[in-house]
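This report covers how two protein chains meet and how they touch DNA. Look at the contact surfaces first.

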2 protein chains.
Amino acid sequence: MTPPEMPAEHAILGLLSLDDGAGHGYDLARHFGEGQPLGGVLRLEPGMLYHHLKKLERAGWLTSTVEPQGSRPPRQVYRITDAGRGELSRWLREPVAHTREIRLEFLVKLYFARRFDPALAARLIAEQRETCERLKQSLASQLASLDAAEPEDGQTFSRLVLELRLAQTRAAIEWLDRAASS
Amino acid sequence: MTPPEMPAEHAILGLLSLDDGAGHGYDLARHFGEGQPLGGVLRLEPGMLYHHLKKLERAGWLTSTVEPQGSRPPRQVYRITDAGRGELSRWLREPVAHTREIRLEFLVKLYFARRFDPALAARLIAEQRETCERLKQSLASQLASLDAAEPEDGQTFSRLVLELRLAQTRAAIEWLDRAASS
DNA sequence: GGGATCATGTAACAGGTTACATGATTCA
DNA sequence: TGAATCATGTAACCTGTTACATGATCCC
């Protein structure tokens, strides 16, 4: 489970959890459109949304029932399970491992953490900051050992790569500090 | 062709172009391993590499011939075509559209631009800087219009999203400025 | 009557990841 | 004898994108 951790599926769990634990596809879809705060971070087309709902049900994190609507087409109503709530809160407590995941997955975590509980959001931000700080140290030491070795072909390029990562990580840390005080 | 532009395939074109225009899969694979400068940016498993080689041949950017080796297994030798060289140089002159693409695609472009011609690298960096600068202005104005509107629910979160993008874009610009002078 | 909205999907395709298959040869 | 290297791939699986299919109802 190290690589992606699927932010889309956790976002669905989060929305259902905020919304009394239940909802249907069409309703959830609105949150992932333009103009919506979540839509500014994570775009989800209807096709993928329905796909994720089925996957979450297979995983035991949702259950579904059909609700006839009379005139309207019947709704497939999904309800989050205890296992689903457990998975959601586990996910909300873990910072992301890589700087590149901050743009998408961390922002989604932050969105829900803030809505659930400001203290949870504060802890998440603090732990993400620590993770980034460790990464920064690691990158800095890699840079130092590059400088210590004798100059090789391609060494200038490798330094540029490390410097870019370092710059992005530093920017993330500064942003996290501002995020902590809002 | 707007979204990905497949850096892996252009990297293969670039390697062949540097290496007298021809090479075989196993040989190319070494450049994408650990310790190699390109491998620090773009990891390519053998399976995907051979897949890309066939795709590039279908596109007319490579041709292939079989070279028997006597004792060793025969090699499939790929040679870059004029169309392939054209595509490569087109790609090398275009900056990437989004900040998130700098980490992978722009770095690959930069790697080859530097090896082909320092002047090409300098132009690429300058154009990428302009693209980032335009992005920065756009983000800044989006932020300003958010602040001008009356406070809504979720507006704080949307501001955080924009501030993160702005911070990452600013960091990229500063890095590009350092890259220009090395 | 015609378009937007409600509501749920399927199909086709593109791309990536991991693991495995094959089989000879060179080297410790 | 056994591991690493040379050399090329296939298979299964997952994620994601785009477009389309269906059919009713509400509102102008």
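A polar contact here is a pair of N or O atoms within 3.5 Å; within protein, one must be able to donate a hydrogen and the other to accept it. The model is predicted. By that rule, 5 residue pairs are in polar contact across the interface of chain A and chain B, both residues at pLDDT 80 or more.

**The protein interface**

On the chain A side, helix H5 (102–116) and helix H7 (155–180) each supply at least two of the residues that touch chain B. H7(A) gives the largest share, 15 residues. By class, the side of chain A that touches chain B divides into 15 nonpolar, 7 polar and 8 charged residues.

In total, 30 residues of chain A are in contact with 30 residues of chain B. The size of an interface is often given as the accessible area lost when the parts come together. Chain A and chain B bury about 2,900 Å² between them. Carbon and sulfur atoms carry 63% of that area. In chain A, the residues that lose the most area to chain B are A:Arg103, A:Phe157 and A:Leu164, together 27% of what that side buries.

The count of salt bridges between the two chains is 2. In a salt bridge, the side chain of A:Arg178 meets that of B:Glu163, at 3.8 Å from N to O.

**Symmetry**

How are the two chains related? A turn of 180° with a shift of 0.0 Å along the axis lays chain A on chain B, with an RMSD of 0.1 Å. That is the relation of a two-fold axis. Of the interface residues of chain A, 100% are also interface residues in chain B, so the copies meet through the same surface.

**DNA strand D**

There are 21 residues around DNA strand D. A:Met6, A:Met48, A:Lys55, B:Tyr26 and B:Gln76 come nearest. These residues around the strand divide into 7 nonpolar, 7 polar and 7 charged.

Both chains take part. Helix H3 (46–58) and strand E3 (72–80) of chain A each supply at least two residues, as do helix H2 (25–31), helix H3 (46–58) and strand E3 (72–80) of chain B. E3(B) provides the largest share, 5 residues.

Which part of the strand faces the protein? Of the strand D atoms within 4 Å of the protein, 65% belong to sugar or phosphate, and the rest to bases. Three phosphate contacts from chain B follow.

| Residue | Protein atom | Distance to a phosphate oxygen of strand D |
|---|---|---|
| B:Tyr26 | backbone N or O | 2.8 Å |
| B:Tyr50 | side-chain N or O | 3.0 Å |
| B:Gln76 | polar backbone atom | 2.7 Å |

Key
Residues are numbered from 1 along each chain as its sequence is written. Chains are lettered from A and ligands numbered from 1 in the order in which they are written. This is a predicted model: local features need pLDDT of at least 70, side-chain atom pairs count only at pLDDT 80 or more; totals for chains, interfaces and linings use all residues. Side-chain values use heavy atoms; hydrogens and water are left out. Copies are superposed by least squares on the C-alpha atoms of residues with pLDDT of at least 70 in both. Contact means heavy atoms within 4.5 Å. Buried area is the accessible area (1.4 Å probe) that two parts lose on being put together, summed over both. A salt bridge is a side-chain nitrogen of Lys or Arg within 4 Å of a carboxyl oxygen of Asp or Glu. Helices (H or I, at least four residues) and strands (E, at least two) are DSSP runs, numbered from the N terminus. Ala, Val, Leu, Ile, Met, Phe, Trp, Tyr, Cys and Pro count as nonpolar, Asp, Glu, Lys and Arg as charged, and the others, Gly among them, as polar. A residue is near a molecule or strand if one of its heavy atoms lies within 4 Å of it.
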